[in-house]
Amino acid sequence: MKKANFQIEIKNIIINKFNIEKEFDYNTLLTDIGIDSLKIIELVLAIEEQYGFEFEDDKLSYQTLRSIDSISEYVFNCKKEGKM
Amino acid sequence: MIDLLKIISKINLTTEEKEMFSSFIENNISQNLIEIIYRNKLQFLFLKHIIDQKQMELVSNKWGLDCSALLYFNNLLYEEYMEILDQITQEFEFHNIKYCVLKGFSIIESLYRINGCVYRKFSDIDILVDKKDVGKVNSVLEAQGFIQGKISLSGEIVKAPRKDTLYWSLNSHQEHEYIKFSKYAITPFMRINIDINTTIFDGGKYNPPISTEELLNHRHRKHFRGDKQFYTLNPTYELLQLCYHFYKDTTYEAKKIESNDYSLAKFCDIREYILKFKDDIKWEQFIKITNCNGLAYSVGQVLHLVSGFYGDIGLDSMFNKFEITNAMPDSEMIFKNFKNF
């Protein structure tokens, strides 16, 4: 699975879970589309459930979770490294 | 009352203070005073002063016995924590995990052990590690029987839901607490708590003024009990940490309203630390670190409060070196409104 696939899927998770109607791209900061500290937890849980893995403790940061691009980069690397 | 509390919160009393204590206690022991002492977490020091001043008859035997029992258990628990810390830190060092012990537990041995007894209440151990090592830390603690969890209504330790551990990891200065029952546990209340801190500042999106990696470069091995030595921050950084912890817990606007954490035990920690380690703290470096990292107001404010309260820590000449634009808080006003008094 390519990184682009993860980007599409994660964007869909966000749109469906949080009813985001505003236009945004993969580099938009999630905070700019209303994903606050509680919603980010729900998002992480949804991604973990979707792909059957858990974010590594040291990667659980707002830096990793700042945008769809940064999240999908991390998830893609986990897939490449056989962590999921 | 404030003068009495000031005296009670000192470990060592001058002759004049002993006389003031004796005189005040003879006429003013009341249930209200006892409650205030407990709210300020000074019960063990108060017990010590009562015994040292040969005034046991002024407190009820029941209170003396109850407090002594708590003190005894506090000391038992302290020994248990020392054993556990020894096991954990050996594993940390084996796995190349840089750590240091923080907050109360890091200073209890050096400040509050008197004639073999520890006179400070504590409830957990705080350990600082770099975020990159949290996964390894988790493995070490799980192998030692700790669970990131909570006590269920039926009194068992249950693993915290994933969303709770995520919340702590993302939004707090520490991970979700690790717990297991004390070896002395006869009720579920008696447990061992380990708090893994990934910063000494605020967690979450907050960008720390000093990274944990940098802080861990300023640790040293401190002698604890017997042959046990653990890493703590060196005195200059340890004072910084104690002051910032006090600031975080007490002077944020939201907490000011409640003042629940304005306990004198914290004032005591900082005063006693400064008096004991004044020559070990590199004061010029301390000022520079606080100024260069935007900590002058938070740290300076705490030292101003503690200095204003006790009047004897000898730092008055230092305050004009803090680069602060905001006015210092009015100590007297704070003490007047301090509901713990």
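**Notebook: a cavity in chain B and the contact with chain A**

I began with the lining of the largest cavity in this predicted model, and I listed B:K41, B:L42, B:Q43, B:F44, B:L45, B:Y112, B:Y119, B:R120, B:K121, B:A265 and B:C268 as the residues that line the cavity. Looking up the elements behind that list, I found that α4 (43–52) and α12 (264–277) of chain B each give two or more residues to the lining, and that α4(B) provides the largest share, three residues. By class, I noted seven nonpolar residues, one polar residue and three charged residues in this lining. I then looked up the volume, which is about 70 Å³ for the largest cavity, and the count, which is one cavity of 30 Å³ or more.

Next I turned to the interface, where 14 residues from chain B and 16 residues from chain A take part in the contact. The area buried between the two chains is about 1,300 Å², and carbon and sulfur atoms give 67% of that area. I noted that B:R162, B:L170 and B:K205 supply 46% of the area that chain B buries against chain A, more than any other three residues.

For polar features, I recorded two salt bridges across the interface of chain B and chain A, and I looked up a salt bridge between the side chains of B:R162 and A:E48, with an N to O distance of 2.4 Å. The count of residue pairs in polar contact between the chains is four. On the side of chain B that touches chain A, α7 (134–143) and α8 (162–171) of chain B each give two or more residues, with α8(B) contributing the largest share, seven residues. I closed with the classes on that side of chain B, which are four nonpolar, five polar and five charged residues.

Definitions and conventions
Residues numbered from 1 in each chain as written. Chains lettered and ligands numbered in written order. Predicted model: local features only at pLDDT ≥ 70, side-chain atom pairs only at ≥ 80, totals over all residues. Heavy atoms only, no water. Contact = heavy atoms within 4.5 Å. Buried area = accessible area lost by both parts, 1.4 Å probe. Salt bridge = Lys/Arg side-chain N within 4 Å of Asp/Glu carboxyl O. Polar contact = N/O pair within 3.5 Å; in protein donor to acceptor, adjacent residues only side chain to side chain. Helix = DSSP H or I, 4+ residues; strand = E, 2+ residues; numbered from the N terminus. Nonpolar A, V, L, I, M, F, W, Y, C, P; charged D, E, K, R; others polar. 1 Å grid on protein atoms, 1.4 Å probe; cavity = no way out; pocket = protein on both sides within 12 Å on 5 of 7 lines; lining within 4 Å. Points joined across faces, edges and corners; volume = space filled by probe spheres on them.
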